[in-house]
Amino acid sequence: MAFLIIVRDIDLSIAAIIALASLAMGLAAKIGAPTPALIVLGLGVGVLCGACNGLLVTWFALPSIVVTIGTMSLFRGIAQVILGDQALTKYPASFQAIGQGYVSEAVPIPISFVLFLLLAAIFAIVLHRTTIGRRLYAIGCNPTAALFSGIRVNRIRFWLFVLMGLLAGLAAVLLTGRIGSTRPNIALGFELEVVTMVVLGGVSISGGAGGIAGVVLAVF
């Protein structure tokens, strides 16, 4: 989300993507799919949803806030229509261990927290130490100037939405494993919490400024 806001975009459908990915994993688990297949399915649904958002924003030049409000209703609506008031709970123990487990008995640190720190470090390096990061800041400061300087603005924006979907799929895997069930209201309201943490972390809502360190502090 920090990357998207830096380039003047936003994705308000992430909680709905989590719900849809969790639904797909729940239906697959119900017919006996193993843990690796559930993980791949959750990540895959996230990527497809992110690609859908990216295509609508970049190919049709639609505002990202409008697109993702619409897909938020679409993805969440699919989950609510299929599930109704039911819950899917037939997840294998090895899948639940991903969200509930620790690094080891000697090191009582949740696996999800280790993943968070690892991804935060990777994103900080990409944003602050690579040409990709400089391009993101350039797009956020002035997308027209970035385009005329040779930066493929829409391609980068598209892949940021795909990345957003992938990480929403990862969040679905961790959250579903943690609570051990899929419900239609899973992750409800998470999108506002995510945007709040990013903005409180110093990322300018108008784009072009901000860093990962501040976002990490805002998360804590």
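## F95 and its neighbours

Leaving aside residues up to four places away in sequence, F95 touches M25, T35, L38, I39, V173, T176 and G177. This is a predicted model, so read what follows as a description of that model. F95 sits in helix α5, and its relative accessibility is 0%, which puts F95 in the buried class.

For a distance to check in your viewer, try F95 and L174: their C-alpha atoms are 9.0 Å apart, with the two positions 79 residues apart along the chain. L174 isn't on the contact list for F95, though V173 and T176 are among the residues there.

## A97, also in α5

A97 belongs to helix α5 as well. Here the relative accessibility comes to 36%, so A97 counts as partly exposed, whereas F95 is buried.

How far apart are the C-alpha atoms of A97 and A218? The answer is 27 Å, for a pair that is 121 residues apart along the chain.

## The salt bridge

Search the whole structure for salt bridges and you get 1. It joins the side chains of R157 and D9, at 2.8 Å from N to O. R157 is in helix α9 (residues 153-179) while D9 is in the loop between α1 (2-6) and α2 (14-30), so the pair ties together parts that are 148 residues apart in sequence.

Are R157 and D9 buried or exposed? Both of them are buried. As for the general idea, side chains of opposite charge can pair when their charged atoms come close.

## S64, another partner for D9

D9 has a further side-chain partner: the side chain of S64 makes a polar contact with the side chain of D9, at 3.3 Å. S64 is part of helix α4, which covers residues 64-83. With a relative accessible area of 6%, S64 is buried.

Which residues does S64 touch, once those up to four places away in sequence are set aside? They are D9, I10, V57 and F161. So D9 shows up twice in the picture of S64, because the polar contact comes on top of a place in the contact list for this buried residue.

## M72, further along α4

M72 is in helix α4 too, but with a relative accessible area of 23% M72 is partly exposed. Not counting residues up to four places away in sequence, M72 touches L12, S13, A16 and E191.

A15 is also worth a look from here. The C-alpha atoms of M72 and A15 are separated by 7.6 Å, and the two residues are 57 apart along the chain.

## Cysteines without a bond

How many disulfides does the model have? The count is 0. Take C49 as a case: the closest cysteine sulfur to its own is the one in C52, at 7.1 Å, which is too far for a bond. A pair would have to be within 2.5 Å to count as a disulfide. C49 is buried, with a relative accessible area of 5%.

## Two alanines with positive phi

Most residues other than glycine have a negative phi. A61 goes the other way, with a positive phi of about 55° although it is not a glycine. A61 lies in the loop between α3 (35-59) and α4, and at 64% relative accessibility A61 is exposed.

A187 also has a positive phi, near 65°, and is likewise a residue other than glycine. You'll find A187 in the loop between α9 and α10. Unlike A61, which is exposed, A187 counts as buried, at 6% relative accessibility.

## The largest pocket

The largest pocket has a volume of about 1400 Å³. It is lined by 39 residues, and those closest to its centre are F116, A171, V194, M197 and V219. If you want to centre a box on the pocket, that's the group to look at.

Which helix gives the largest share of the lining? That's α9, with 10 residues. At least two lining residues each come from α1, α2, α5 (93-100), α6 (111-129), α9, α10 (190-200) and α11 (212-219). Some of these have turned up already: α5 is home to F95, and α9 holds R157 of the salt bridge.

Note on methods:
Residues are numbered from 1 along each chain as its sequence is written. This is a predicted model: local features need pLDDT of at least 70, side-chain atom pairs count only at pLDDT 80 or more; totals for chains, interfaces and linings use all residues. Side-chain values use heavy atoms; hydrogens and water are left out. A salt bridge is a side-chain nitrogen of Lys or Arg within 4 Å of a carboxyl oxygen of Asp or Glu. Helices (H or I, at least four residues) and strands (E, at least two) are DSSP runs, numbered from the N terminus. Buried means under 20% relative accessible area, exposed over 50%, partly exposed in between (1.4 Å probe, protein chains only). A polar contact is a pair of N or O atoms within 3.5 Å; within protein, one must be able to donate a hydrogen and the other to accept it, and residues adjacent in sequence count only if both atoms are side-chain atoms. Contact means heavy atoms within 4.5 Å. On a 1 Å grid over the protein atoms alone, a cavity is a set of points where a 1.4 Å probe fits but cannot get out, and a pocket is an open set with protein on both sides within 12 Å along at least five of seven lines; lining residues have an atom within 4 Å of a point. Grid points are joined across faces, edges and corners, and a volume is the space filled by probe spheres set on the points.
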